[in-house]
Amino acid sequence: MAATTATAALAEQPSTSPSSGAVPFDFSQPPVIEGFSPLPRVKDETFKEKFIRKTKDNPFVPIGCLGTAGALMFGLRAFHQGKTRQSQMLMRGRIFAQGFTVVAIVIGVFGTAFKAKQ
């Protein structure tokens, strides 16, 4: 008896779901936000185009990365061959190359920040 009165009470309540025909906004268009004007989309770059652009902006970072990788590879090869002195010197060179790369990145970041302000 109690179950039938509960279902009858639920049947009398109006449905609160939105109508199926009304869509709050169009998904094919970007939303309109007051006071916001989006910039036009720049063309998407490929990896190669972005790498070349970034290398032209700050050429010392790729040079430092290549120096670090080269010193690491030759140092590991010398260590494997048992040339401990040469391996030690190449590992020190790797540390220098890593420091050079970090300094180049920091200078590039500051240069980009100051260029954006002008």
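Biologist: How many aromatic pairs does the count come to here?

Modeller: In this predicted model, the count comes to 2 aromatic pairs. Phenylalanine 47 and phenylalanine 51 make up one of them, and that pair is stacked because the ring centres are 6.3 Å apart and the planes meet at 20°, where planes under 30 degrees apart count as stacked.

Biologist: Where do phenylalanine 47 and phenylalanine 51 sit, and how many residues apart are they?

Modeller: Both belong to helix H2, which covers residues 47–57, and they are 4 residues apart, so about one helical turn separates them.

Biologist: And is phenylalanine 47 buried or exposed?

Modeller: Phenylalanine 47 is exposed, its relative accessible area being 70%, while phenylalanine 51 counts as partly exposed at 46% relative accessibility.

Biologist: OK, what about phenylalanine 60 and phenylalanine 100, what is the angle between the planes?

Modeller: The planes of phenylalanine 60 and phenylalanine 100 stand at 90°, with 6.2 Å from centre to centre, and this aromatic pair is edge-to-face. Phenylalanine 60 comes from helix H3 (residues 60–81) and phenylalanine 100 from helix H4 (residues 84–117), so the pair ties together parts of the chain that are 40 residues apart in sequence.

Biologist: What's the relative accessible area of phenylalanine 60?

Modeller: For phenylalanine 60 the relative accessible area is 46%, which makes it partly exposed, and phenylalanine 100 also counts as partly exposed, at 34% relative accessibility.

Biologist: Let me step back to the whole chain. How many helices and strands are there?

Modeller: The chain has 4 helices and 0 strands, and its pattern, read along the sequence, is α-α-α-α. Of the 118 residues in the chain, 13% are buried.

Biologist: How much area does the chain expose, and what do carbon and sulfur atoms supply?

Modeller: The chain exposes about 10800 Å², and carbon and sulfur atoms supply 68% of that area. As for contacts, if one takes those between residues at least 6 apart in sequence, 47% of them join residues at least 24 apart.

Biologist: Back to single residues, then. Which helix holds threonine 68, and what does it touch?

Modeller: Threonine 68 is in helix H3, and it is buried, with a relative accessible area of 14%. Once residues up to four places away in sequence are set aside, threonine 68 touches Arg94, Ala97, Gln98 and Thr101. With glutamine 98 there is a further detail, in that a polar atom of the threonine 68 side chain lies 3.4 Å from the backbone nitrogen of glutamine 98.

Biologist: And alanine 97, which residues is it in contact with?

Modeller: Outside its neighbours within four places in sequence, alanine 97 is in contact with Gly64, Gly67 and Thr68. Alanine 97 belongs to helix H4 and is buried, at 11% relative accessible area. Its C-alpha atom is 9.9 Å from that of leucine 72, and these two residues are 25 residues apart along the chain.

Biologist: What about glycine 75, buried or exposed?

Modeller: Glycine 75, which is in helix H3, is buried, with a relative accessible area of 0%. Leaving out residues up to four places away in sequence, glycine 75 touches Ser87, Leu90 and Met91. The C-alpha atoms of glycine 75 and serine 87 are separated by 4.5 Å, although the two residues are 12 residues apart along the chain.

Biologist: Changing topic to pockets, how much space lies in the largest pocket?

Modeller: The largest pocket holds about 370 Å³ of space. It is lined by 14 residues, of which Lys54, Asp57, Asn58, Gly108 and Thr112 are the closest to its centre.

Biologist: Which helix gives the most to that lining?

Modeller: H4 gives the most, with 8 residues in the lining of the largest pocket, and H2, H3 and H4 each supply at least two residues of that lining.

Biologist: You listed asparagine 58 there, so where is its place in the chain?

Modeller: Asparagine 58 is in the loop between H2 and H3, and at 17% relative accessibility it counts as buried, the cut-off for that being under 20%. Its side chain reaches the backbone oxygen of alanine 104 at 2.9 Å. Apart from neighbours within four places in sequence, asparagine 58 is in contact with Ala104 and Gly108, and Gly108 is likewise among the residues closest to the centre of the largest pocket.

Notes:
Residues are numbered from 1 along each chain as its sequence is written. This is a predicted model: local features need pLDDT of at least 70, side-chain atom pairs count only at pLDDT 80 or more; totals for chains, interfaces and linings use all residues. Side-chain values use heavy atoms; hydrogens and water are left out. Rings of Phe, Tyr and Trp (its six-membered ring) pair if their centres lie within 6.5 Å; planes under 30 degrees apart count as stacked, over 60 as edge-to-face and the rest as tilted. Buried means under 20% relative accessible area, exposed over 50%, partly exposed in between (1.4 Å probe, protein chains only). A polar contact is a pair of N or O atoms within 3.5 Å; within protein, one must be able to donate a hydrogen and the other to accept it, and residues adjacent in sequence count only if both atoms are side-chain atoms. Contact means heavy atoms within 4.5 Å. Accessible areas come from the Shrake-Rupley method with a 1.4 Å probe; for residues, only the protein chains shown count as cover. On a 1 Å grid over the protein atoms alone, a cavity is a set of points where a 1.4 Å probe fits but cannot get out, and a pocket is an open set with protein on both sides within 12 Å along at least five of seven lines; lining residues have an atom within 4 Å of a point. Grid points are joined across faces, edges and corners, and a volume is the space filled by probe spheres set on the points.
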